[in-house]
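This report describes a protein chain and the ligand that accompanies it. Please consult the sequence and the structure shown below while reading.

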Amino acid sequence: MLTPPQLAALHLASFSVAPRLFAAPGRVNLIGEHTDYCDGFVMPAAIDFSTVVAISPRADGRVLAHSVNFNQSIDKSVYELLDAGIASLRADRKLHWSDYPAGVLWSLREALPQHAASIAAGFSLTIAGDVPLGAGLSSSASIEVATAFAVLGVLNITLPLPQIAQLCRRAENAFVGANVGIMDQFVSCCGVQDHAVMIDCRSLDYTLAPIPSQARIVICNSMVKHSVAGGEYNTRRAEIEEGTAILRSHRPEIGALRDATVDDLARWGHEMPTNVLRRCRHVITEDNRVLAAVEAFRAADLTRFGQLMAEAHASFRDDFEASCPEIDTLVSLAVQQPGCYGARITGGGFGGCTVNLVKDENAESFATELRKRYLERFNITAETFVADPVDGALLRNARTLAEVAQA
Ligand code: GLA
């Protein structure tokens, strides 16, 4: 990955203007999967992989964007990129990396009509990142949030952090076409070093949960590609909505599954197709696990936290049916290793990564052993990362800019 000064130099060489740089991290979710769009609870942490956007404003109504990772550029009028882009949104549209920054420009322009003229003037963007793509570590949210901070930064617009996260989510829902929740964009904005963030996805209140000092987070990428823009994620959301509507027909105060209980399911679950019942059971029980997990972290009870991770994984695999054999094997190999408190799939599902909570002194050997055993089993070389949580975009950007200034 280019260093910030190298990225700034590349931008200057391409566009003859010195840029400002803005960064936003990816995330790992410790517990609370597919609860965010049910107004529930999640517990992610920002991690040390990020997207950095170099930006300078233009005056010719064009967006010139270069992706270092894809080694591709686009040069389009703002009209063509945003208005023609949203009009061409169809279920079968082939995704392009530029849909993410374009979606954010579109979303900002929609939400801030008083700044539409400044947005319509255009931007030059040079984008680079090291968040593994398609691994369930929120490369999409990191590019969205970095772009939003970049545009807001150069236009000198101040917005409350939850609104920035919501604008980025809207870009992904309405422009990219992935019906995701708020978790990834929110934690990419508000993450804090050495902490997980417990987010109430209804109120958008959040509390910081310090990672107990004796534990490290180890991420293992199964290398099985995951994508929330594919059909399965949206199918799960539709199933959840079907189940929620049935419960709501009995208890109108159920606005989202956050408001439902396992007793509601026991009473009315028989009215649902079995798959719908199971999806709802996963979400309702997962919300309870997140609340219990926060308490476990506060009490530094890592054994309890690990048990909750095991229950969350079983629920994701059996009720949500969104795991895969490679991931299930990684989880069962992990929990056999010395010092492993718990392991589970993280992110949207259907591949991607596992998250493991491991005793500090065992973290490196745990990662080595897990890769070795996975290779023996599937002949796939997994990637592992010991991931200490980092600051999100809000706290991070001041530092990144300072580094550039010193270079
Ligand atoms: C993806 C989505 C999130 C969330 C998770 C599952 O990462 O972007 O909004 O729904 O899947 O917990």
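Which of the 13 residues around the ligand come nearest? They are Glu33, His34, Asp36, Asp184 and Tyr233. The model discussed here is predicted.

**Ligand surroundings**

By class, 5 nonpolar, 4 polar and 4 charged residues make up the shell around the ligand. Polar contacts to oxygen atoms of the ligand are formed by Glu33 through its side chain, by Asp36 through its side chain and by Gly348 through its backbone. The distances of these contacts are listed below.

| Residue | Protein atom | Ligand atom | Distance |
|---|---|---|---|
| Glu33 | polar side-chain atom | oxygen | 2.8 Å |
| Asp36 | side-chain N or O atom | oxygen | 2.5 Å |
| Gly348 | backbone N or O atom | oxygen | 3.5 Å |

On its own, the ligand has 310 Å² of accessible area, of which the protein covers 98%. As to location, the ligand occupies the largest pocket. Glu33 and Asp36, which each place a side-chain atom in polar contact with the ligand, are also among the residues that come nearest to the ligand.

**Overall fold dimensions**

The protein chain contains 14 helices and 12 strands. Along the principal axes, its C-alpha atoms fill a box of roughly 60 × 50 × 40 Å. Why may the protein chain, with 407 residues, be described as agreeing with a compact globule? A compact globule with 407 residues would have a radius of gyration near 22 Å, and the protein chain has 21 Å, so the two agree.

Notes:
Residues numbered from 1 in each chain as written. Predicted model: local features only at pLDDT ≥ 70, side-chain atom pairs only at ≥ 80, totals over all residues. Heavy atoms only, no water. Near = heavy atom within 4 Å. Polar contact = N/O pair within 3.5 Å; in protein donor to acceptor, adjacent residues only side chain to side chain. Areas by Shrake-Rupley, 256 points an atom, 1.4 Å probe, with all protein chains shown as cover. 1 Å grid on protein atoms, 1.4 Å probe; cavity = no way out; pocket = protein on both sides within 12 Å on 5 of 7 lines; lining within 4 Å. Sits in = over half its atoms within 2 Å of the grid points. Nonpolar A, V, L, I, M, F, W, Y, C, P; charged D, E, K, R; others polar. Helix = DSSP H or I, 4+ residues; strand = E, 2+ residues; numbered from the N terminus. Rg over C-alpha atoms; globule rule 2.2 N^0.38 Å.
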